[in-house]
Amino acid sequence: RDWSRSVRRTRTRAWLPSAVVRDRRKGTKRRRALVRCRQVRRTQAFSGLGTVTVLTIDMSGSRPAFPVADADALMIDGDTVYASEDRLYVASQRWLEPDATRAEILDESATGLHAFSTGKAGETGYVGSGEVPGYLLNQWSLSEHEGTLRAATTSMPPWNSGARSESAVRTLQERDGRLVQVGAVGGLGKGERIYAVRYIGDTGFVVTFRQVDPLYTLDLSDPAKPRVAGELKIPGYSAYLHPVGDGLLLGVGQDATAEGRRTGVQLSLFDVSDLANPVRLYQHGLGATSSTPVEWDHHAFLWWGPRKLAVIPAYLYGDDLTFAGAFAFSVDRAAGIAEVGRMRHPALERFGGFAYDRAVVVGERLLLLSEDGVLATSLAAPGPGEFARYGS
């Protein structure tokens, strides 16, 4: 009752998203609403009690008092964000109550997809929403190509039995203010879940895993009839897929036994030039007790095309942590995957070890960034290099 009275006493503006504008010259600040009440939209299907606000910021400096040029608000919970050239998509996850009155297996999750137009400079606009069964892995599960949104999801039955899970890729298009499904290819990885997704033009690549790693190649050229073109089953899985040119995909993930027990980081080079016949050309492992942040953070991965160089952070363990830092690999269709550099983080003994969070190329130098400092090494011959601690 106290909560109900508090809600009734609040004014409308208390529920609207707001911003604080600070004037450093005058030393003042004021709070103002980002949108008016009538500008907040809601979807036909319940998508959460949160409010997602899409702001268009004027970066020219012509509006110094309040640089927000446009704002749109939608009553949804926003979990995943993906942007194409002229659309911004926000996905909202919702979990469904099982329906005991129905005999068939129902998905226990659904993903709301909400589109905003960004093609006009200085302005955004809410386009419409749709929904697909299951849940997204991450933003790589979404892709738009020639006006068609593709969404890869994993669905589970109400009792959350992994043995009955399966995945699908669905295609959606904008029609009459809604995102409407126009096609689907399902049955991917029955009893498994999605570990990686990558789209390249009108093709798609999906990795599922439980004991082995099926890499599915998808033909998405006809949005109404997407189809599985090929399949490759190998031990382990790839958690991140990166195109490296010439019909090649580089996968970063974990090797595994036939029973599905993970045995350390592996890099896999796939030839996907023939969608009907994907092939793993090479595999390179880092050891049974290794791990890499690339599995859950793609920003930690660097591909430098001019030198066919891949850089990943990694940890190696023995009885204790034995290495924390980054590895550099040359990747080539003819020569395979070869380690060309190992950059150990100098804080291993002091702090228990940091891997490098990011890698960037500046001129002929490779810079590795961590929480503790920056390592600069040669791009041509990556190695120990020079380490500078922040604040030193």
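**Figure 1. Strand 28 and strand 29 pair side by side in this predicted model.** Five bridges link strand 28 (residues 358–362) to strand 29 in the antiparallel sense. Strands here are DSSP runs of E with at least two residues, helices are runs of H or I with at least four, and both are numbered from the N terminus; two strands pair if DSSP finds at least two bridges between them. Look for Val362, whose bridge partner in strand 29 is Arg365. The hairpin of these strands has two residues between them, and Gly363 takes a positive phi near 65° there. Residues are numbered from 1 along each chain as its sequence is written, and side-chain values use heavy atoms, with hydrogens and water left out. As the model is predicted, local features need pLDDT of at least 70 and side-chain atom pairs count only at pLDDT 80 or more, while totals for chains, interfaces and linings use all residues.

**Figure 2. Strand 29 has two faces and a second hairpin.** Side chains alternate along strand 29 (residues 365–369). Leu366 and Leu368 point to one face and are buried (under 20% relative accessible area with a 1.4 Å probe, protein chains only; exposed means over 50%, and partly exposed lies in between). Arg365, Leu367 and Leu369 point to the other face and are not buried. Strand 29 also runs antiparallel to strand 30, joined by five bridges, and the hairpin that these two form has three residues between the strands. Within this pairing, Leu368 stands opposite Leu375 of strand 30.

**Figure 3. Thr377 sits in strand 30.** This strand spans residues 373–378. Thr377 counts as buried because its relative accessibility is 6%. A polar atom of the Thr377 side chain lies 2.9 Å from the backbone nitrogen of Gly383. Leaving aside neighbours within four places in sequence, Thr377 is in contact (heavy atoms within 4.5 Å) with residues including Glu364, Arg365 and Leu366. Met343, Pro382, Gly383 and Gly385 are also among its contacts.

**Figure 4. Four strands make an open sheet.** Their order is 19-20-21-22, and the pairing is antiparallel. Strand 19 (237–243) and strand 22 (279–285) are the edge strands, each pairing on one side only. Neighbouring strands are turned by 25° against each other on average, direction ignored; the axes are lines fitted to C-alpha atoms, and angles run from 0 to 180 degrees between N-to-C directions. Six bridges join strand 21 (residues 262–271) to strand 22, where Gly285 is the bridge partner of Gln266.

**Figure 5. The largest nonpolar core has 22 residues.** A nonpolar core is a set of buried Ala, Val, Leu, Ile, Met, Phe, Trp, Tyr and Cys residues joined through side-chain atoms within 4.5 Å. Leu250, Leu267, Leu286, Phe301, Ile312 and Phe327 touch the most other members. At least two core residues come from each of strand 20 (248–256), strand 21, strand 25 (309–317) and strand 26 (321–332). Apart from this core lies another, of 17 residues, among them Tyr195, Phe209, Ile234 and Ala256. In soluble globular proteins, nonpolar side chains tend to be buried together.

**Figure 6. Leu267 and its surroundings.** Not counting residues up to four places away in sequence, Leu267 touches Leu250, Gly251 and Val252, among others. Tyr282, Gln283 and His284 are also touched by Leu267, as are Ile312, Phe329 and Ile337.

Key. A polar contact is a pair of N or O atoms within 3.5 Å; within protein, one must be able to donate a hydrogen and the other to accept it, and residues adjacent in sequence count only if both atoms are side-chain atoms.
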